[in-house]
Amino acid sequence: MKKLALAVAVTMASSFCAMAASDVAKSPPPAPYEQVSKLVKLPDFLPGMGQLFVNPATLPAGPFLAYDHDGKLVSTIYMLPIKELNPDKRFDNLAAPGGNVDHVDVYYNAGHPGVPEPHVHVVLWHVSATDEARVAK
């Protein structure tokens with residue numbers, strides 16, 4: 001009986017994760033996500049990143065959901081302030097709302113509207129490195 005209950009719980013959890021990923025697979029994602037360009041002075045589409053959405057309550061770190069020109073999710077981005085990268089601060093359990101992650105990029109950013117302090121971008125790509133071109137321009 002315990003094995004059956006565990007199997008049901010695992011199946012439901014897997015279904016929930018798949019359902020959550022499908023909820024954000026197409027732009028616009030559901031609330032509480034909001035279009036970043038409507039929150040701060042940024043273009044609707046950022047070359048190299050895409051069209052960004054974020055839950056304002058999670059700023060500055062995110063996650064930010066990034067979509068290509070066709071409204072398909074390509075990556076989940078975290079913007080982690082440099083000043084918070086120290087032995088006293090941890091960023092645990094960073095979610096990938098878009099589901100499977102193909103590869104990860106990490107790079108420095110000096111700051112921009114919405115996240116003005118220096119930070120690192122942690123980009124969880126849901127597409128292959130070749131498909132990153134979908135947000136290049």
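**Salt bridges in close-up**

Arginine 134 is partly exposed in this predicted model, where the relative accessible area of this residue is 29%. The legends below follow arginine 134 and its partners, and then turn to a separate pair.

**View 1. Arginine 134 and aspartate 68 meet in a salt bridge.** The nitrogen and oxygen of these two side chains lie 2.8 Å apart. The pair connects distant parts of the chain, since arginine 134 belongs to the segment after strand S6 (119-125), while aspartate 68 sits in the loop between strand S3 (64-67) and strand S4 (73-81), and the two residues are 66 residues apart. Aspartate 68 counts as buried, with a relative accessibility of 4%, whereas arginine 134 is partly exposed.

**View 2. Arginine 134 also pairs with aspartate 131.** In this salt bridge, the distance from N to O is 4.0 Å. Aspartate 131 is partly exposed, at 31% relative accessibility. Taken together, Asp68, Asp131 and Arg134 form a linked network of salt bridges.

**View 3. Lysine 89 forms a salt bridge with glutamate 84.** The closest N and O atoms of this pair are 3.6 Å apart. Lysine 89 is partly exposed, with a relative accessible area of 36%, and glutamate 84 is likewise partly exposed, with a value of 25%.

**View 4. The whole structure holds 4 salt bridges.** Among them are the pairing of arginine 134 with aspartate 68, that of aspartate 131 with arginine 134, and that of lysine 89 with glutamate 84. Side chains that carry opposite charges can pair when their charged atoms come close.

Conventions. Residues numbered from 1 in each chain as written. Predicted model: local features only at pLDDT ≥ 70, side-chain atom pairs only at ≥ 80, totals over all residues. Heavy atoms only, no water. Helix = DSSP H or I, 4+ residues; strand = E, 2+ residues; numbered from the N terminus. Buried < 20%, exposed > 50% of the residue type's maximum accessible area, 1.4 Å probe, protein only.
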